[in-house]
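Biologist: Please take one part of this model and go through it closely. I would like the surroundings described as well, with the cut-offs stated.

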Amino acid sequence: MLQKEKSWWQKTVVYQIYPRSFCDTTGNGIGDLQGIIEKLDYLEELGIETIWFSPFFKSPQKDHGYDISNFRDIDSEYGKMMDFDKLLESMHDRNMKMVLDLVLNHTSDEHPWFIESASSRDNPKRDWYIWADGTKPKGKKPPNNWKAMTGGYAWKYDEKTEQWYYFHFLPFQPDLNYRNPEVKEEMFNTMRFWLDKGVDGFRLDILHAIYEDESLRDDEFSWHLFPSDKRVDSLFRKHKYDLNLPETIDFAFELRKVMDEYQPERFLVGEVYGSIEELSKYYGPKSNGLNMCFLFEYTDAKPKPKAYRNVISRIEKALPYPYTPTYVYGNHDMVRHLSRIDDNQQLAKLLVTMQLTLRGVPFIYYGEEIGMKNVNFDLKTSEDPIGRKFSKFPLSCIVKLFGISVTRDGCRTPMQWSNQPNAGFSNNETIEPWLKVPDSYKKINVEKERKNPDSILNCYKRLLALRKKSNVLFDGLFDFIEGNENKNCITYKRCNNDDKIYVYLNFINDEILLTCPVEEPNLLFSTLSNRVAIDIKAYHRKIKLTPLEGIIFKEKRK
Ligand code: GLC
């Protein structure tokens with residue numbers, strides 16, 4: 001099939017930086033923009049093309065930047081606007097793209113808009129947020145039964161004006177009211193403010209929560225307590241009237257229109273909860289919506305061939321070419337990937353081989369490339385407000401059972417650069433970083449892994465280099481290879497008009513023999529760094545894969 005030339009964002013690889021934990025150059029134990037500038041060489045060498053930054057805008061930092069008090073300024077903890085401009089320029093000089101985190105759904109309760117809005121019922125900004133009268137007795141009960149994403153009622157009572165305001169996440173993050181055209185205009189102009197500076201895209205924070213039912217109807221009961229990536233029901237609510245409303249999907253199209261005012265093309269990736277099929281609506285019937293959504297059902301799949309085959313088939317069906325899926329293993333809200341797969345480094349290499357060769361855009365969370373692990377933290381002293389909120393509940397068993405992290409501190413620890421004090425994260429060796437560096441840094445760090453050809457880091461590098469020079473990995477169609485229905489492996493091919501690449505992944509701890517689809521295979525990559533070729537003759541046109549080995553190959557040119 002003839003395919004249209006792909007846009008830059010469809011070919012890219014995105015790396016997520018949590019700025020607080022990347023590199024500290026001021027010596028205060030908190031990462032900063034200058035620190036990121038100093039590490040761009042590392043990211044370039046790794047093969048990264050696009051970087052998404054968790055928010056570094058002005059914020060009281062109660063949710064570490066996801067509670068914004070000025071959308072158009074940089075928080076002094078991270079630097080100044082000058083540092084931002086320098087970062088953007090340094091990235092563009094290297095042909096790298098910048099993606100900002102856009103928190104449209106809510107502001108901080110310390111944002112001047114909210115302070116005004118809460119000051120009186122007739123303040124002009126009152127309607128910028130969602131205020132409602134309570135129910136009886138004397139309005140002291142919330143307006144309806146809606147639950148916040150983090151548990152408990154989604155309403156907070158304001159003594160002064162005797163009304164409740166709505167929040168989807170935490171009480172200090174009041175939701176903006178997008179039924180008010182002034183709010184929309186203001187936020188679209190905020191997008192333009194950053195786009196005018198040259199920013200290349202946005203990650204949209206909890207976009208599914210933008211609109212709520214206008215008449216605030218009570219939510220319906222659901223049997224589901226725990227959140228899941230397959231559906232939005234949770235906390236015994238269907239979330240019918242507060243999540244994924246048709247208005248929210250239309251809003252995605254409006255956002256896209258703002259992006260389309262700009263050339264060269266920019267992109268939007270949405271954090272949206274729901275099944276793959278539900279999320280596909282956000283892409284738009286004519287690709288006129290979000291360019292991409294995070295597909296958390298893949299992230300959440302059991303690391304077994306059957307589970308991956310199912311989820312990938314559903315993704316390919318719901319988002320066929322020209323739609324662009326995303327493939328993600330972790331972010332700043334989840335238990336780190338390596339810890340979710342029992343610290344199995346070989347499996348991590350196998351899974352990244354899959355992630356970087358599927359049809360779509362891979363997102364890599366900082367530290368994943370060196371195999372950083374999740375760290376345990378005490379909930380009572382958790383930096384993450386969710387951890388503190390749940391510190392009174394005996395939750396540790398639930399955490400283990402469902403792989404849910406109650407404090408997100410564990411996946412946000414400082415990047416492990418070297419075996420120097422503080423893992424080389426801060427130029428102040430005696431400072432205690434905002435989150436403690438785990439002892440594992442002596443073994444797991446960039447400097448050490450650089451020198452080891454067999455490290456996870458070098459596996460990422462080899463894969464990223466191969467990806468860069470193989471067009472078929474960007475624009476080739478995806479197909480599972482039939483006939484290799486060995487339940488312990490996944491085999492697929494990527495094909496365009498000029499090229500065909502095969503990916504064979506062995507998921508078990510034993511050798512496996514698989515049919516070779518070509519006469520003379522030419523090995524392009526193996527998770528084993530010392531493998532140089534595939535010897536098929538000895539195995540009667542069978543390819544032998546060693547335990548947990550993944551390989552990429554093509555037909556030798558005659
Ligand atoms: C998103 C972010 C998370 C944040 C929340 C509220 O889920 O990923 O870190 O706390 O939204 O903005």
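Modeller: I will start at Ser-21, which sits in the loop joining β1 (14–17) to α2 (33–38); helices (H or I, at least four residues) and strands (E, at least two) are DSSP runs, numbered from the N terminus. The model is predicted, so local features need pLDDT of at least 70 and side-chain atom pairs count only at pLDDT 80 or more, while totals for chains, interfaces and linings use all residues. Residues are numbered from 1 along each chain as its sequence is written, and side-chain values use heavy atoms, without hydrogens or water.

Ser-21 has a relative accessible area of 0% and is therefore buried (under 20%, with a 1.4 Å probe and protein chains only). Leaving aside residues up to four places away in sequence, Ser-21 touches Tyr-366, Arg-412, Thr-413, Pro-414, Met-415, Phe-425 and Trp-434 (heavy atoms within 4.5 Å).

Arg-412, one of these contacts, is also among the residues surrounding the ligand (a heavy atom within 4 Å). Others there include Asp-63, Tyr-66, His-106, Phe-169, Glu-271 and His-332. The shell residues divide into seven charged, three nonpolar and two polar; Asp, Glu, Lys and Arg count as charged, Ala, Val, Leu, Ile, Met, Phe, Trp, Tyr, Cys and Pro as nonpolar, and the others, Gly among them, as polar.

Polar contacts here are pairs of N or O atoms within 3.5 Å. Polar side-chain atoms of Arg-203 and Arg-408 each lie 3.0 Å from an oxygen atom of the ligand, and for the side chain of Asp-205 the distance is 2.7 Å. The ligand alone exposes 310 Å², of which the protein buries 99% (Shrake-Rupley method, 1.4 Å probe).

Conventions. A polar contact is a pair of N or O atoms within 3.5 Å; within protein, one must be able to donate a hydrogen and the other to accept it, and residues adjacent in sequence count only if both atoms are side-chain atoms. Buried means under 20% relative accessible area, exposed over 50%, partly exposed in between (1.4 Å probe, protein chains only).
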